[in-house]
Amino acid sequence: MIILGILAYAMGQFFPSVLSIQMYSYTMYGAAITPTILASFLWKRATTAGAISSIITGGLATLIWELVLGKPMGWNSIFPCRFQSLLLLLSVCLPLISHKRLTKIQFP
């Protein structure tokens, strides 16, 4: 209970309103989790490694864009962070798929 109270106090000090907390959480969800969920439903070649790396990259990119860089050029972080998440999802899944195909051909 004490840890939850400390977390609530820290969030109250960091965010000026409940709406800003909601906007921040939706941005994190949109950049980190949405590309992975869509890929898992719509793309048969999505892999676990690609999904995990996409979620981690989207979350870290959002934190860096919002907290460290302070929203450069006034852009909402969903635009560059979702692109980074999708790019890493593709760059991790595609080589793993071609590697699996090669191993299936070489070792039937």
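## A walk through a four-helix chain

Let's start at one small side chain: setting aside residues up to four places away in sequence, Ala61 touches Cys81 and Gln84. Keep in mind as you look around that this is a predicted model. Ala61 is one of the buried residues of α3, and it also belongs to the largest nonpolar core, alongside Ala31, Trp65, Ile78 and Cys81. Two elements, α3 (48–68) and α4 (78–106), each give two or more residues to this core. As a general background, nonpolar side chains in soluble globular proteins tend to be buried together.

Now step back to the whole chain. It has four helices and zero strands, so the pattern read along the sequence is simply α-α-α-α. Of its 108 residues, 26% count as buried. Among contacts with a separation of 6 or more, 67% join residues that are 24 or more positions apart. The accessible surface comes to about 7800 Å², and carbon and sulfur atoms hold 76% of that area.

Helix α3 deserves a longer visit. It has 21 residues and spans 29 Å from its first C-alpha to its last, close to the 30 Å expected at 1.5 Å a residue. Its buried residues include Gly50, Ala51, Ser53, Ser54, Gly58 and Gly59, and further along the helix Thr62, Trp65 and Glu66. What does α3 bring to the surface? It gives seven residues to a nonpolar patch, the largest share of that patch. The patch covers about 840 Å² and is made by Phe14, Ile52, Ile56, Leu60, Leu63, Ile64, Leu67, Val68 and Leu69. Ile52, for instance, lies in α3 and is partly exposed, because its relative accessible area is 48%, which falls between the 20% and 50% cut-offs. A useful reminder when you turn the helix on screen is that an α-helix has 3.6 residues a turn, so residues three or four places apart point the same way.

Towards the end of α3 you will meet a charged pair. The structure holds one salt bridge, formed by Glu66 and Lys71, with the closest N and O atoms 4.0 Å apart. In general, side chains of opposite charge can pair when their charged atoms come close. Are the two partners buried or exposed? Glu66 counts as buried because its relative accessibility is 17%, under the 20% limit, whereas Lys71 is partly exposed at 37%. Just after α3, Gly70 takes a positive phi of about 70°.

Glu66 also leads us over to helix α2 (residues 18–42), where Thr27 lies. Leaving aside neighbours within four places in sequence, Thr27 is in contact with Thr62, Glu66, Asn76, Ser77 and Ile78. Why does Thr27 count as buried? Its relative accessibility is 5%, and the cut-off for buried is under 20%.

Tyr29, also in α2, makes a nice companion to Thr27. Tyr29 is partly exposed, with a relative accessible area of 42%. Outside its neighbours within four places in sequence, Tyr29 contacts Thr34 and Ile37. Tyr29 and Ile78 are 49 residues apart in sequence, and their C-alpha atoms are 9.2 Å apart in space. Ile78 brings the tour back to its beginning: this residue is in contact with Thr27 and is a member of the core that includes Ala61.

Methods. Residues numbered from 1 in each chain as written. Predicted model: local features only at pLDDT ≥ 70, side-chain atom pairs only at ≥ 80, totals over all residues. Heavy atoms only, no water. Buried < 20%, exposed > 50% of the residue type's maximum accessible area, 1.4 Å probe, protein only. Contact = heavy atoms within 4.5 Å. Core = buried A, V, L, I, M, F, W, Y, C linked by side-chain atoms within 4.5 Å. Areas by Shrake-Rupley, 256 points an atom, 1.4 Å probe, with all protein chains shown as cover. Patch = residues over 30% accessible without salt bridge, like charges linked within 9 Å, V, L, I, M, F, W, Y side chains within 5 Å. Salt bridge = Lys/Arg side-chain N within 4 Å of Asp/Glu carboxyl O. Expected span 1.5 Å × (residues − 1).
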